[in-house]
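Student: I would like to check some assignments in this model against their definitions.
Tutor: Go ahead.

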Amino acid sequence: MSLSSAISIAQQAFSNTAQQTAIVSKNIANAGNADYSRRLALLGSTPNGAQVVSIYRAQNEALLKQSIASIGEASGQARLRDGLELLKSALGGNDYETAPSKLLSDFRNSLQTLAATPGNKTIAATAVSDAQDLADSLNKTSTTVQDLRKDADKEIAIEVDKLNSLLADFEKANNAVKSATAQGGDASDALDQRDKILKQVSEIIGISTVTRGNNDTVIFTTDGTVLFENIPRQVTFAPTTTFDATVTGNKIFVDGVPIAAGTGADTTAKGKLASLVQLRDDIAPKFQSQLDEIARGLVELFKEGNPPAIAYQPGLFTWGSAGIPAAGSVVPGLASRITVNAMAKANPLLLRDGGFNGVVSNPGGAANPSPGYTDLLDGFINKMGENMSFDPSTGLDSNSSLLNFATGSVGWLEQTRKTASTADDNKQAMLARTQEALSKQTGVSIDEELSLLLDLEQSYKASAKLVSTVDAMMAALMEAVR
């Protein structure tokens, strides 16, 4: 081996070591970055000796696709659970102490107390106050339900804008990957960026991917609609400014195809959008219909009249309209309008005697009512436990007592919330395991990188020793020439 050859080998070794050290340093710097895949400089034999011929990027397509799917499932389930938790908090939290069912039971107890001492105006006033608390609970809970729908609609608009922005960023990253792959260059950074965007997209909408030539990626929604192919497809949504029980929110469209809402407490939703639509158009409206039916039941139960001479009209509870709502049929938004008749607040003993609409039940009449009269009160108390018709669209028993229906509504919400919470725990655990498995395949191990760094240090020392030896030989040769 000539001295010039030795120097050339040493120079190449220094170059290889420098490139390998740069890669190791980059790996160590990104050890805590979940969106970074480990790099490795691969050496190969060339006419000029061993040199870095390519940069290997650790990857596992199967685990990456599973991770993306798990992100979508966990994101959708978590958003549904959060919405249900908000509804629960509106009813007082863990004990549901401000739920209509609890206040209905309290009101019934007040009626029973009044029936035991029917001449006590103070107790009658307490019963009317409890009735107002019940009406207020229905009003406030109804407002919370519609606020949830409005907030979900606003969040949909935000997420759609974010999704369109991510798809635009994905186009740039995908083009960079295709260009680098076609030219035989290092596409690692562009691939990292593209995978990061895919994970962010999957939080918003469930996706699947197909990779074509030059590492070109096509994105589909889980329903099979093309979301990205060479260029982004437009995701559109028209927000609704005001929500009440009669308003239906607008659909989300991907290239003209509507996104399906999630179904079930263990939701089929993948990504936030499907869960938000489910909350806005399914969960919240169903709970609203239950509240409306409780309110309708109260109006019906406390109605006054003497047909055919005097048609039935609202008594203790009014709803802003004349007449009594049809039995077994939801009146959208009734829970937001129900209130206690102002006449009861002025004269609480009307609850005992009747007379909100001129129909006095007390045999003593309005002028000289019997203080011991309890028939009307007893009738109210008994009717709360008697079966009546409810709209089957509420998802509850359509032939039930008002008390059982109100209790069933809370039970439905709690069961739905509990199932959603359990499913969220399971999906988060699945996501954690998938990400852990992917990290083991593509993540950076500090111990491995430091060990490799020590090997590179030894390689550098060997190259430096070779240069030192060549230098000594050249010095000896020059000395001999002189």
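Student: What makes α4 a helix, and how do you know what span is expected?
Tutor: Helices are DSSP runs of H or I with at least four residues, strands are runs of E with at least two, and both are numbered from the N terminus. Helix α4 covers residues 121-182, which is 62 residues. The expected span is 1.5 Å times one less than the number of residues, so 92 Å is expected for α4, and the 89 Å from first to last C-alpha is close to that.

Tutor: A caution on sources: this is a predicted model, in which local features need pLDDT of at least 70 and side-chain atom pairs count only at pLDDT 80 or more, while totals for chains, interfaces and linings use all residues. Residues are numbered from 1 along each chain as its sequence is written, and side-chain values use heavy atoms, without hydrogens and water.

Student: What lies at the start of α4 and just after α4?
Tutor: At the start, a side-chain oxygen of Asn120 comes within 2.9 Å of the backbone nitrogen of Thr122. Just after α4, Gly184 has a positive phi of about 75°.

Student: What is the volume of the largest pocket, and which residues are closest to its centre?
Tutor: The volume is about 420 Å³. Among the 25 lining residues, Arg57, Gln59, Ala187, Leu191 and Asn215 are closest to the centre. Elements giving two or more residues to this lining include α4 and α5 (188-204).

Student: What makes a residue a lining residue?
Tutor: Having an atom within 4 Å of a point of the pocket, an open set on a 1 Å grid over the protein atoms alone where a 1.4 Å probe fits, with protein on both sides within 12 Å along at least five of seven lines.

Conventions:
A polar contact is a pair of N or O atoms within 3.5 Å; within protein, one must be able to donate a hydrogen and the other to accept it, and residues adjacent in sequence count only if both atoms are side-chain atoms. Grid points are joined across faces, edges and corners, and a volume is the space filled by probe spheres set on the points.
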